[in-house]
Every structure is written in C-alpha cells, then in structure tokens.
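Here is a quick walk through one protein model, from a helix to a sheet to a pair of rings. Have a look at the sequence and the fold first.

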Amino acid sequence: MRINVVTIFPEYFASPLAASLVGRAQVDGLLDIVLHDLRQHGKGTHRQVDDAPFGGGAGMVMMIEPLADALDPLESSHRVLLAPAGKPLEQGTLDRWAALDELTLVCGRYEGIDERVAEHLIDEEVSIGDYVLLGGEVAALAIIEGVTRLLPGVVGNPESVMSESFRDGLLEEPHYTRPAEFRGWVVPEVLLSGDHGKVDEWRAEQREKRTRERRPDLIED
Ligand code: SAH
C-alpha cells in the first residue's frame with residue numbers, strides 16, 4: 001500500500017515513521033509512505049502557501065493553488081482531508097482505507113484550508129476528535145498507524161487485530177500479567193484457574209460490562 005502525505009512539515013514525520021511496526025512495514029515493502037512538501041508548490045520567492053481570509057477575520061488560510069498543484073498528480077488515489085469539521089474517524093473507516101492501493105492524507109495548518117479544496121479536490125474529510133490541533137500532521141500519523149496495523153503481515157498474530165476494541169462494537173476486556181499479586185492488588189482469580197471456558201466467559205462479560213459503563217453509546221439496544 002502507498003500512503004501520500006501532503007504537509008508543510010515533512011520533517012515532522014521522520015522519527016515516528018521510522019519507529020516500531022510502521023518502520024518495519026516500510027523496510028519489509030508492505031507499506032510505502034511518500035511525503036509531499038507543500039512548500040515546494042508555494043508561490044513567489046517566499047514559497048507562500050497561505051493568505052489572509054476573504055471577508056476579514058483572524059488567522060491565515062491555506063491557498064488552493066499550491067494544494068491543487070500537489071494534489072492533481074495524486075488524483076487517482078483516495079484523497080482525505082484532515083479537518084475538525086470532517087466525519088469522525090472510526091475503526092470502520094480504517095478498515096475501508098486499509099484495503100486501498102493508495103491513500104492520500106492532506107494536513108491543514110493555520111485557520112484551515114480554502115473550502116474549494118474540500119469541494120473539488122478531496123474525496124473525504126475526517127476528524128480525529130472533537131478538539132482542535134495546530135495541524136493535521138498528528139491526525140495523519142494516527143491514521144497511518146491505524147491503517148498500517150491492518151495490513152497483512154504487519155502484526156505477527158492477525159487474531160490480535162481482529163479481537164480488539166471496537167471490532168464487535170465493544171471495548172476489549174482488561175489484561176493482566178505477572179506478578180499475580182503486587183502490593184496486595186490481586187488479579188481476578190478466574191484468570192489463574194486454567195479453565196479456558198471460564199476465562200472466555202469472564203472476558204465476554206467484561207467486554208459487555210466495560211462498554212456499558214464507559215461507552216454506552218457503542219451499544220445499540
Ligand atoms: N479553524 C479550524 C481549525 C484549524 S486547525 C476550525 O475551527 O475548525 C489547523 C488544521 O489542523 C486543520 O486544517 C486540520 O488539518 C488540522 N486539525 C486540527 N484539529 C483536527 C482534528 N480534530 N481532526 C483532524 N484534523 C485536525
């Protein structure tokens with residue numbers, strides 16, 4: 001799979017993309033990440049990419065021309081704009097994207113992007129939550145991680161990807177490891193029983209209970 005990232009801060013990505021399974025996936029040829037420096041399409045000697053908003057007001061707006069120049073060659077990919085006003089990102093969104101050959105993530109900065117970009121040059125707008133970041137780069141990284149772990153061959157045990165939170169509309173059960181007791185805090189006894197049937201039953205109960213307590217919105221009654 002190929003993921004393009006359009007950004008004015010390509011250097012922002014160096015360390016996170018080199019680390020861990022995302023780094024490994026690239027070395028193994030499962031994933032190709034291409035950073036597109038929007039500045040290279042900037043206007044004039046200062047390579048300007050932003051301008052004052054029509055109608056006045058605070059902040060600067062990213063201009064359509066540099067973005068069009070960057071996005072036109074990527075027209076055949078699925079182009080996603082990161083925006084607080086976009087559709088909330090969900091596991092299902094990542095599942096859908098992980099099946100694509102090519103995905104393009106467009107990172108905004110400043111006040112945001114000339115709306116005509118979203119109207120004409122983008123396939124989908126997504127938000128990673130109801131809060132405002134400085135730019136789309138962290139959102140792009142979140143998506144890259146979420147998509148990468150779904151690519152065949154990236155996570156050693158494919159079952160672990162399929163049994164995670166949000167898969168069946170539930171949160172995952174809690175996990176414990178050694179020691180069985182720490183400062184008097186003990187792990188649930190059933191997990192030490194060796195009875196796999198009982199353990200499975202307990203886990204299913206926990207998924208249900210946690211979801212009801214913490215995220216009742218996930219359960220459609
Ligand atoms: N003025 C805008 C916020 C701009 S923040 C508003 O009020 O909606 C600058 C850039 O950061 C955005 O263009 C977007 O690309 C990115 N960004 C900020 N918060 C985000 C979020 N929750 N999800 C996705 N992208 C976000």
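The expected span of a helix is 1.5 Å times one less than its number of residues. Helices here are DSSP runs of H or I with at least four residues, strands are runs of E with at least two, and both are numbered from the N terminus. Bear in mind that this is a predicted model, where local features need pLDDT of at least 70, side-chain atom pairs count only at pLDDT 80 or more, and totals for chains, interfaces and linings use all residues. Residues are numbered from 1 along each chain as its sequence is written, and side-chain values use heavy atoms, with hydrogens and water left out.

**Helix H6**

Take H6, residues 137–148: its 12 residues should span 16 Å, and because the end C-alpha atoms sit 16 Å apart, the two values agree. Is this helix enclosed or open? Nine would be the count to look at: 9 of the 12 residues are buried, so H6 is largely enclosed by the rest of the structure. Buried means under 20% relative accessible area, exposed over 50%, and partly exposed in between (1.4 Å probe, protein chains only). Among the buried residues of H6 are Leu-141, Ile-143, Ile-144 and Val-147, and Glu-137 is on that list too.

**The sheet**

Which order do the strands take? The 5 strands of this open sheet line up as E2-E1-E6-E5-E7, with parallel pairing. The edges are E2 (32–37) and E7 (124–127), each of which pairs on one side only. From one strand to the next the twist averages 30 degrees, with axes being lines fitted to C-alpha atoms (for helices over the stretch in contact) and angles running from 0 to 180 degrees between N-to-C directions. Two strands count as paired if DSSP finds at least two bridges between them.

E5 (residues 78–88) is joined to E6 (residues 102–106) by 4 bridges, and to E7 by 5 bridges. Some of the partners across from E5 are these:

| Residue in E5 | Opposite residue |
|---|---|
| Arg-79 | Thr-104 in E6 |
| Val-80 | Leu-105 in E6 |
| Pro-88 | Ser-127 in E7 |

Between E5 and E6 the chain passes through helix H4 (residues 91–98), in a right-handed β-α-β crossover. Right-handed means that, with the strands pointing away from the viewer, the path from the first strand over the helix to the second runs clockwise.

**Aromatic rings**

A search of the whole structure turns up 2 aromatic pairs. In one of them, Phe-182 and Trp-185 have ring centres 5.8 Å apart and planes at 65 degrees, so the pair is edge-to-face. Rings of Phe, Tyr and Trp (its six-membered ring) pair if their centres lie within 6.5 Å; planes under 30 degrees apart count as stacked, over 60 as edge-to-face and the rest as tilted. Phe-182 is partly exposed at 44% relative accessible area, while Trp-185 is exposed at 55%.
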